[in-house]
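Let's take a walk through this structure together. Have a look at the sequence and the model, and then read on.

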Amino acid sequence: MTGAMMSTGERLAYMAGQILRNFAVKGQEAAIAATTDHILQFWDPGMKARACAMLSDPDPALPDDVRAVFLRVQANAASA
């Protein structure tokens, strides 16, 4: 799913999934950690806030590994 048909949330989940795939060679846990670090460093505050908001969406189409990343981003925001 690409192009104008994607919602902002779908695009963020897609982007996080792409980053995860780039780090997949490190193994799942390391890929999740590296993706979380990447998002914390490079995504703007609005993108991070939207990603965290997706966690409370009653029907989020988030793969488990993307959900794990967004949970870590949320935990980082809560502790900041």
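Below, we start with the helices and finish with a few single residues.

First, a word on the source: this is a predicted model, where local features need pLDDT of at least 70, side-chain atom pairs count only at pLDDT 80 or more, and totals for chains, interfaces and linings use all residues. Residues are numbered from 1 along each chain as its sequence is written, and side-chain values use heavy atoms, with hydrogens and water left out.

Let's begin with helix H1, residues 8-23. Helices here are DSSP runs (H or I, at least four residues), numbered from the N terminus, just as strands are runs of E of at least two. The expected span of a helix is 1.5 Å times one less than its number of residues. For the 16 residues of H1 that gives 22 Å, and its end C-alpha atoms are 23 Å apart, which agrees.

Now, which residues of H1 are buried? They are Gly9, Leu12, Ala13, Ala16, Gly17, Ile19 and Leu20. They cover an arc of only 160° around the axis, so they sit on the same side of H1. (Buried means under 20% relative accessible area, exposed over 50%, and partly exposed in between, with a 1.4 Å probe and protein chains only; the arc is that of the directions from the helix axis to the C-beta atoms.) An α-helix has 3.6 residues a turn, so residues three or four places apart point the same way. Turn to the other side of H1 and you'll find Thr8, Arg21 and Asn22 exposed. The cover over the buried residues of H1 includes H2, H3 (45-54) and H4.

Helix H3 has buried residues too: Ala51, Cys52 and Met54. Seen down the axis of H3, these fall within an arc of 155°, so they line one face of the helix. They pack against H1 and H4. At the N-terminal end of H3, Asp44 acts as a cap, with a side-chain oxygen 2.9 Å from the backbone nitrogen of Gly46.

What about the largest nonpolar core? Such a core is a set of buried Ala, Val, Leu, Ile, Met, Phe, Trp, Tyr and Cys residues joined through side-chain atoms within 4.5 Å. This one has 18 residues, and Ile39, Trp43, Leu62, Val66, Val69 and Phe70 touch the most other members. H1, H2, H3 and H4 each supply at least two residues of this core, and H1 gives the most, with five.

Zoom in on Val66: leaving aside its neighbours within four places in sequence, Val66 is in contact (heavy atoms within 4.5 Å) with Ala13, Ala16, Gly17 and Leu20. Thr35, in helix H2, counts as buried because its relative accessibility is 0%. Not counting residues up to four places away in sequence, Thr35 touches Ala16, Ile19, Leu20, Phe23 and Val69.

Finally, how many salt bridges does the structure hold? Just one, a salt bridge being a side-chain nitrogen of Lys or Arg within 4 Å of a carboxyl oxygen of Asp or Glu. Arg72 forms it with Glu29, the closest N and O atoms being 2.6 Å apart. The pair links distant parts of the chain, 43 residues apart: Arg72 is in H4 (residues 64-79) and Glu29 in H2 (residues 28-42). Arg72 is partly exposed at 32% relative accessibility, and Glu29 is partly exposed at 48%.

Technical notes:
A polar contact is a pair of N or O atoms within 3.5 Å; within protein, one must be able to donate a hydrogen and the other to accept it, and residues adjacent in sequence count only if both atoms are side-chain atoms.
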